[in-house]
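Thanks for coming. I have one structure to go through, and I will keep to what can be computed from the atoms.

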Amino acid sequence: MAGTVTNPGGQCQAGRAPRLPCVSTQRNGQARIRPGVGRWLRGVGLLAGSLLLAACAGDAVATPPISPGTADRPRDVNIITKDYSFLPPVVDLMPGETVLLHVINGGLEVHEVVIGNPPVQDAWEAAEAAAANPPPGPTPVVVVPPALAGLRIVVQSGQRVDLQWTVPLDPGPILIGCHIAGHWAKGMQAAIRLVSPTALPSALSSAAATSSPGGPASSAGQP
């Protein structure tokens, strides 16, 4: 099964789990929704396991040099959501490259991937907290200003969403967060490491390196 879900205005339904994954971007994007991910999860299990072991052993290790993706040949980037963490814990991106994000929900709850700077993370945290535990009736719509929409992908348990995305040339300090009510406070965050044009991993962005679970995203500082 495949479908297209775009939402450039920064609006998504929240509170109760949405029936379809939601993709919010500042630019129009195209996503493919895949409801069955068992074989895919098995295929990336060894990779995710090795990354987790490396993270548990100490600081995030540098990845080998990468070749930047292009519009014609985007680079595959896997992000697995769990209850309540991301795998890998550090994602390498090169400014200006085009990637094909494969967001896989391996948890039992609905999760999301929000990519953006601390103000973007703050906006989604506040908006989704306000829409949590809605009364009976239509699921409330979560709205953030378009300038703070960032990139947002909501994925149901057991689903996979594929989205092609071009990393901004000057993204500033950005990170990944999940703002389904209560998830950010439980530590559902991942670092983004911006890789230089020479394909040598640079230091973690200050937003991710200093972010603390449970506090506002902007406590990490602004770009």
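I will start with the overall figures, then take one strand, then the cores.

This is a predicted model: local features need pLDDT of at least 70, side-chain atom pairs count only at pLDDT 80 or more, and totals for chains, interfaces and linings use all residues. Residues are numbered from 1 along each chain as its sequence is written, and side-chain values use heavy atoms, with hydrogens and water left out.

The protein has three helices and 13 strands; these are DSSP runs numbered from the N terminus, helices being H or I of at least four residues and strands E of at least two. Of its 223 residues, 47% are buried, meaning under 20% relative accessible area with a 1.4 Å probe, protein chains only. Take the contacts (heavy atoms within 4.5 Å) with a separation of 6 or more: 77% of them are between residues 24 or more positions apart.

Now strand E6, residues 90–93. In a regular strand the side chains alternate between the two faces of the sheet. Which residues of E6 are buried on each side? Val90 and Asp92 are on one side, Val91 and Leu93 on the other, and all are buried. E6 runs parallel to strand E13, residues 189–194, and four bridges join them; pairing requires at least two DSSP bridges. One of the bridge partners is Arg193 in E13, opposite Asp92.

Next, the cores. A nonpolar core here is a set of buried Ala, Val, Leu, Ile, Met, Phe, Trp, Tyr and Cys residues joined through side-chain atoms within 4.5 Å. The largest has 27 residues, and Leu93 of E6 is among those with the most contacts inside it, as are Ile79, Phe86 and Trp165. E4, E6, E7, E8, E10, E11 and E13 each supply at least two residues of this core. E10 gives the largest share, four residues. As for Ile79, leaving aside residues up to four places away in sequence, its contacts include Phe86, Val91, Leu101 and Ile176.

There is a second, separate core of nine residues, including Val120, Ala123, Ala127 and Val144. Where does Val144 lie? Val144 is in the loop between strand E9 (141–143) and E10, and is buried, with a relative accessible area of 3%.

Last, the rings. The charged end of Arg152 sits over the ring of Trp124, 4.3 Å from its centre; the criterion is NZ of Lys or CZ of Arg within 6 Å of the ring centre and within 35 degrees of the ring normal.

Note on methods: Buried means under 20% relative accessible area, exposed over 50%, partly exposed in between (1.4 Å probe, protein chains only).
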